[in-house]
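Biologist: I would like to go through this model one element at a time, with the reasoning behind each reply.

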Amino acid sequence: MRTAFSALLTFVLVAVAGCTRGGQEPNTAASVATAQGESFPVYDLGSTWRDQRGATRPIGSLAGRPVVMAMIYTHCSATCPLIIGEMRRIEHATSPDVALVLVSLDPDRDTAGRLAEYAATEALDPGRWTLLSGSDDDTRALAATLGVRYRRVSADELAHSNTLTLLDRTGTIVHQEMGLGAAEPILRAIRALTKTTAND
């Protein structure tokens, strides 16, 4: 399992884009992983998080349906809204069986109350969207597993990879896309995953 985890981190290509308005965002999506069956299952991390309802839940509670996951922070005003936009496209093109998960890179500020406020402001359907915030250690561990790099550039801003990750029902990475236009490749991966699951 450790070998698979190392292979994933080596395989994943990440580019760090700042959440400042001066940051550069890729014009097109780039495939950064198609590692189904080769990656470290995210749910094996065993980490515990707090969601926008204030409930404490293990990462494994996401298991059982496909998940599209992104790591953002709610005070970001540049690239994170673009990530949300791509995820909305996925929401509108898929059934409720596909969950949408946002994980905070800024757990000190993104408390459960802040996540609830953000979800309400963005009109994120609680039946589809889960917002999570955890400890610094768990955040770093999840980011490493997903190949997401991030760093603080000021008291209010983080620079981070802008990556969408599709997980299967067991938490294994099926596909990742980075940058603008990520929705369509993720949708194709969801359709392929759904077809494969239906044939099992």
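**Cavity, strands and helix**

Biologist: Which strand and which helix each supply at least two residues of the lining of the second largest cavity?

Modeller: This is a predicted model, where local features need pLDDT of at least 70, side-chain atom pairs pLDDT 80 or more, and totals for chains, interfaces and linings use all residues. Numbering starts from 1 along each chain as its sequence is written, and side-chain values use heavy atoms, without hydrogens and water. A cavity is a set of 1 Å grid points where a 1.4 Å probe fits but cannot get out, lined by residues with an atom within 4 Å of a point. Those supplying at least two lining residues each, as DSSP runs of at least two residues for a strand and four for a helix, are strand E6 (99-104) and helix H3 (112-121).

Biologist: How many residues of the lining of the second largest cavity are charged?

Modeller: The lining consists of Ile72, Thr74, Leu102, Val103, Ser104, Asp110, Leu115, Tyr118 and Leu131, and E6 gives the most to it, with 3 residues. By class, the lining holds 6 nonpolar and 2 polar residues, and the number that are charged (Asp, Glu, Lys or Arg) is 1.

Biologist: How much space lies in the second largest cavity?

Modeller: Searching the whole structure gives 2 cavities of 30 Å³ or more. For the second largest cavity, the space filled by probe spheres set on the grid points is about 30 Å³.

Biologist: Why is strand E10 described as largely enclosed by the rest of the structure?

Modeller: On one side of E10 (residues 163-167) Thr163, Thr165 and Leu167 are buried (under 20% relative accessible area, 1.4 Å probe), and on the other side Leu164 and Leu166 are buried as well. Strand E10 is therefore largely enclosed, since the number of its residues that are buried is 5 of the 5.

Biologist: Which residue of E11 is the bridge partner of Leu164?

Modeller: E10 is joined to the antiparallel strand E5 (residues 67-72) by 4 bridges, with Val67 paired to Leu167. Strand E11 (residues 173-178) also runs antiparallel to E10, through 5 bridges, and Gly171, in the hairpin of E10 and E11, takes a positive phi near 90°. In E11, the bridge partner of Leu164 is Glu177.

Biologist: Within what arc do the buried residues of helix H4 fall?

Modeller: The buried residues of H4 (residues 136-146) are Thr139, Leu142, Ala143, Thr145 and Leu146. They line one face of the helix because, seen down the axis of H4, with directions taken from the axis to the C-beta atoms, they fall within an arc of 160°.

Note on methods:
Buried < 20%, exposed > 50% of the residue type's maximum accessible area, 1.4 Å probe, protein only. 1 Å grid on protein atoms, 1.4 Å probe; cavity = no way out; pocket = protein on both sides within 12 Å on 5 of 7 lines; lining within 4 Å. Pairing = 2+ DSSP bridges.
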